[in-house]
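Subject: The structure I promised you

Hi,

Here is the structure we talked about, ready for you to open. Have a look at it first, and then read on for what I found.

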Amino acid sequence: MKRIGIDIDGVIGDIFGAAQKAALEKFGVDIRYEDVTEHGLSKCTALAEWQEKEIFQDPDLYENMELIPGAREALLTLTFLGWDIWLITSRRFKNASPITWGWLRDKGIPFQFFHLESYMPKVKSAKLQEFSFFIEDRYSTALELSTVVDVIMMAHPWNDRPLNGCIARLDGWDEIGKHLGVEMDKEYEKQYPGLGSLHRAATE
Ligand SMILES: [Mg+2]
């Protein structure tokens, strides 16, 4: 059995899209994806630090977040192929755990385990649970994880940095599937015909 650790924001959920919408609605600040070259919107856009803090501490941001294209299909495929999926996020706001559980359920995301980093850091789980891979979007976390596990970094402007031999920076879930040797979006349909569409119908 293969076990994989997966980050949520910026990997499964479109945290940038949700923050972009919130910045415009709350503060009238229009931020562009390609400008976000740092992990922290106030470091690279017109958004002030206090505005950024307000956006990221508001549970609505996480409850309204859309999926990154292909994320659900990829996780369904991995599940049906027998992969053990651990979701680990560093969210720090009130009720982060139940809010995240609710979002994962509403979006139909399959997983075996979920925990916040406040319970156990990603790098410690990766080591203890002997993950085969960890999928992450934050550069500093990817570097840290790469000391104990092969890291797949989902490419975004905020993580376009020098890589080491244990980090593969890949563009979206199709590329990630190829890297894992799995044909995403097709495998589970082949093995369980109709289940994927039933699952989508039930969750959309
Ligand atoms: Mg992330």
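Let me start in the sheet: Gly5 has Trp86 of E2 as its bridge partner. Please keep in mind throughout that this is a predicted model. Strand E2 covers residues 84-89, and four bridges join E2 to E1 in a parallel arrangement. Helix H5 packs on the sheet, where H5 touches both E2 and E3, and the direction of H5 makes about 145° with that of E3.

On its other side, E1 (residues 3-6) pairs with E4, again in the parallel sense, over three bridges. Within this pair, Ile4 is matched with Phe133 of E4. Strand E4 then continues the sheet towards E5 (residues 150-154), with four bridges joining the two parallel strands. Here Glu136 stands opposite Met153 of E5. The link from E4 to E5 is worth a look too, since E4, helix H7 (residues 139-145) and E5 make a right-handed β-α-β unit.

Which way do the residues of E4 point? Phe133 and Ile135 point one way from the strand, Phe134 and Glu136 point the other way, and all of them are buried. As background, side chains in a regular strand alternate between the two faces of the sheet.

Putting the strands together, you get an open sheet of six with parallel pairing, in the order E3-E2-E1-E4-E5-E6. The edges are held by E3 (113-116) and E6 (167-170); each has a single partner strand, so one side of each has no neighbour in the sheet. Ignoring direction, neighbouring strands of this sheet are turned by 20° against each other on average.

Next, the domains. The domain assignment splits the protein into domain 1 (3-13 + 67-203) and domain 2 (15-63). Their centres, taken over C-alpha atoms, are 23 Å apart. How many residues are in contact between the two domains? On the side of domain 1 there are 14, and they meet 12 residues of domain 2. Helix H5 (residues 96-107) gives the largest share of the domain 1 side, with three residues. By type, that side of domain 1 divides into six nonpolar, four polar and four charged residues.

Helix H4 (residues 71-80) is another element to look at, being mostly covered, with eight of its 10 residues buried. Among those buried are Ala71, Leu75, Leu76 and Leu78, but also the charged residues Arg72 and Glu73. Just after H4 comes Gly82, which takes a positive phi of about 90°.

Finally, a word on Phe93, which lies in the loop between E2 and H5. Is Phe93 buried or exposed? Phe93 counts as exposed because 12 other C-beta atoms lie within 10 Å of its own, and a residue is exposed at 12 or fewer. Leaving out residues up to four places away in sequence, Phe93 touches Gln57 and Pro59. As for Pro121, 28 residues from Phe93 along the chain, the C-alpha atoms of the two are separated by 16 Å.

That is what I have for you. I would be glad to hear your thoughts once you have had a look.

Best wishes

Notes. Residues are numbered from 1 along each chain as its sequence is written. This is a predicted model: local features need pLDDT of at least 70, side-chain atom pairs count only at pLDDT 80 or more; totals for chains, interfaces and linings use all residues. Domain bounds come from an automatic or database domain assignment. Two residues are in contact if their C-beta atoms, placed from the backbone, lie within 7 Å. A residue is buried if 20 or more other C-beta atoms lie within 10 Å of its own, exposed if 12 or fewer, and partly exposed in between; C-beta atoms are placed from the backbone. Two strands pair if DSSP finds at least two bridges between them. A crossover is right-handed if, with the strands pointing away from the viewer, the path from the first strand over the helix to the second runs clockwise. Axes are lines fitted to C-alpha atoms, for helices over the stretch in contact, and angles run from 0 to 180 degrees between N-to-C directions.
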